[in-house]
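Student: Please take a close look at a single part of this model, one loop, and then set it in the context of the rest of the chain. I should like each term given with its cut-offs.

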Amino acid sequence: MPGADGPAKNFCTGSVLGIVATAIGYQEIPYFAAIRRALVSSALSRSRQRPARRRSEIWYVVQITLNARDIGMTKGALAILVHGGTDNWSPGRWQARFDDVCRDRRVIVLPDPKAEPADVHYAAVWKPAPGELAAFPNLRVIFNLGAGVDALMADRSLPQVPLVRVAVDDLTGRMTGYVVLHVLMHHRQELYLRQSQRDRRWQPRSQWAAAAISVGIMGLGTLGANAADVLSRIGFRVSGWSRTPRQVNGVTSFHGAAQLDAFLGGADILVCLLPLTSDTQHILDRDLFRKLNRTSPLGAPVLINAGRGGLQNEADILACLDDGTLGAASLDVFAQEPLPLDSPFWTHPKVVLTPHNAADTDPDAISRYVADQIARFEAGGVLENVVDRNRGY
Ligand code: NAP
Ligand code: GLV
C-alpha cells in the first residue's frame, strides 16, 4: 500500500489474511488467528497515539470481527463414509450420533449427490473403497471409525492428512472382555465340558489354577496392554511382545524380532492383538506355533486371534490343529470376511469362531471421541492417536 503508515498496513494485511483465511477455513488454522490478533493489537495501540486515523482503523477492526463471525458459521462439513453391515455400521445411526455431537457443523452421509466435495473438511470412515477419499480437496483429518487401519493403509491415493484411529475405553473394555472370556474358556476346558454335557458324560478333568497357565500377548498397545493387565490380576502369568520396549505392571515384556522366540517359548495360550502391517502379515504360521510351550498343562498350546485375519496362515492353523501342534483356537478374524460357507473353520471341533465382533465399534462412544478431537484440533490443540504411516499402524 504506497504511502500507508504502519497501523493502516497492519489492518490491510489483517483484512487480506481474513479473506484468505475465510476461503481456506480459518478456524482450524491457529497461526492465522495469532497473526491477526498481533496485527490488530499493534495497530490499536499505535492508533491510540494517532487519534486522527482512529476512525478508519476502527472500521478495519469491525471488518475483521465480522469476518471472524462469518467464519464461525461456515465450519467445514464432516462426511460419513461407512458401507453398512451390522446395526452399528448403519449409516443412519452414525448420522444421528454425529448430528447430536456436531450441532454447528453439517454432517453428510456419503454418497450424497448434492454434497459439494470442497465443503468436506473431515471424513469419518470405515473401510472406504480405495480412491474414495481422494475426491475431497479440502480434507483436514481422516477419522478411522475403528482401531485397525490396515484397509486405509492399502489405499495408495489416501490424502496426506492426519489419519486418526480409535483408541477409547469403550472399545478397549470390549476387547478385554473377549480376551478374558476366551482365555478362561480354554483354561477351564469349556470345549470338553460342553461336549460332555451333550454326551451326558459326568467325567470331570482336573482344573489348574490360573497361576499355572502362561498367557502370551502379541501386541502390547492400547488393547493388548489392558487385556494383559486384567489377565494378570485374575492370576495368570502374563507376558507381552511388542515392537519397542513396553512396560505393563505384572507383565513380563519382550520386544522385537530378537526376543520373539523367548516370548513364544513361555506361552501356553497365545493371544494375538497385533495390527496388520507388512511386518506382521502371516506371522501366525506353523513355524511360530511350533515355538510355543510344548509342555503346557493344557496339553497343547492354544491360539486366540482377534487382530486381523491377514495375520494368520489359515492352512497352517488347520493343519496344526489336526496334528496336535495346537490344542485349540479362538478365531474372531479371517482372511476373507464373511467367512465363506464352505470354510472348514465353521465345523472344526477345536475351533471357537466369532464373526469379527470381539470389540464392536460403538457409534455413541466413537462419535463423541471424533467430535472432541475436532474441537481440540480447531482450537489449535494436538490430535490424539494419529497413525504413523511409516509403521503402518
Ligand atoms: P496399538 O495400540 O497400535 O498397538 C499395537 C501393538 O502391536 C503395539 O504394542 C505395537 O508395538 C505392536 N506391534 C506392531 N507391529 C509390531 C511388530 N512388527 N512386532 C512386534 N509388535 C508390533 O493397536 P490396538 O489399539 O491395541 O489394536 C490392535 C489391533 O487390534 C488393531 O490394529 C486391529 O487390527 C485389531 N482390532 C480388532 C478388533 C476386533 O473386533 N477383532 C477390534 C479392534 C481392534 P509398539 O508398542 O512397540 O508400537
Ligand atoms: C475392528 O476390527 C477395529 O479395528 O476396530
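Tutor: Helices are DSSP runs of H or I with at least four residues, strands are DSSP runs of E with at least two, and both are numbered from the N terminus. The model is predicted, so local features need pLDDT of at least 70 and side-chain atom pairs count only at pLDDT 80 or more, whereas totals for chains, interfaces and linings use all residues. Residues are numbered from 1 along each chain as its sequence is written, while chains are lettered from A and ligands numbered from 1 in the order in which they are written.

The loop in question lies between strand 9 (269-272) and helix 10 (286-289), and His282 has its place there. Thr280 is located in this loop too. Burial is judged by the number of other C-beta atoms, placed from the backbone, within 10 Å of a residue's own: 20 or more make it buried, 12 or fewer exposed, and a count in between partly exposed. Thr280 is buried because 21 other C-beta atoms lie within 10 Å. His282 has 14 such atoms within 10 Å and is therefore partly exposed. Although His282 is not a glycine, its phi is positive, at about 55°.

Thr280 also has partners further along the chain. A contact requires the C-beta atoms of two residues, placed from the backbone, to lie within 7 Å. Leaving aside residues up to four places away in sequence, Thr280 touches Leu274, Pro275 and Leu311. Thr280 and Gln312 are separated by 32 residues in sequence, yet their C-alpha atoms are 9.1 Å apart. For the chain, 64% of the contacts with a separation of 6 or more are between residues 24 or more positions apart.

Pro275, one of the residues touched by Thr280, leads to the ligand shells. A residue is counted as near a molecule if its C-beta atom, placed from the backbone, lies within 6 Å of it. There are 33 residues around ligand 1, and those that come nearest are Gly148, Gly219, Gly221, Leu223 and Pro275. Residue classes are assigned as follows: Ala, Val, Leu, Ile, Met, Phe, Trp, Tyr, Cys and Pro are nonpolar, Asp, Glu, Lys and Arg are charged, and the others, Gly among them, are polar. The shell of ligand 1 thus comprises 16 nonpolar, 12 polar and five charged residues. At least two residues of this shell come from each of helix 6, helix 8 and strand 7 (237-242). Helix 8 contributes the most, namely three residues. Ligand 2 is surrounded by Gly146, Ala147, Gly148, Val166 and Thr361, a shell of two nonpolar, three polar and no charged residues.

Helix 6 (residues 169-187) and helix 8 (residues 222-234), which supply residues to the ligand 1 shell, also pack together, with their axes 9 Å apart and an angle of about 50°. Axes here are lines fitted to C-alpha atoms, for helices over the stretch in contact, and angles between N-to-C directions run from 0 to 180 degrees. The pair is oblique because of that angle: under 35 degrees counts as roughly parallel, over 145 as roughly antiparallel, 65 to 115 as roughly perpendicular, and the rest as oblique. Their crossing is right-handed, meaning that the near helix is turned clockwise from the far one by less than a right angle, with anticlockwise making a left-handed crossing. Thr172, Met175, Thr176, Val179, Val180 and Val183 of helix 6 meet Thr222, Leu223, Asn226, Ala227, Val230 and Leu231 of helix 8. This contact has eight nonpolar, four polar and no charged residues.

For a further loop residue with positive phi, consider Arg200, between helix 7 (190-198) and strand 6 (214-218). Its phi is about 55° although Arg200 is not a glycine. Arg200 counts as exposed because it has 6 C-beta neighbours inside 10 Å.

Two cis peptide bonds complete the account of the loops. One runs from Leu110 to Pro111, with omega near 0°, and Pro111 is in the loop between strand 2 (107-109) and strand 3 (120-125). Another joins Glu337 and Pro338, with omega about -5°; Pro338 is in the loop between strand 11 (328-331) and strand 12 (351-353). The chain as a whole has 12 helices and 12 strands, and 37% of its 393 residues count as buried.
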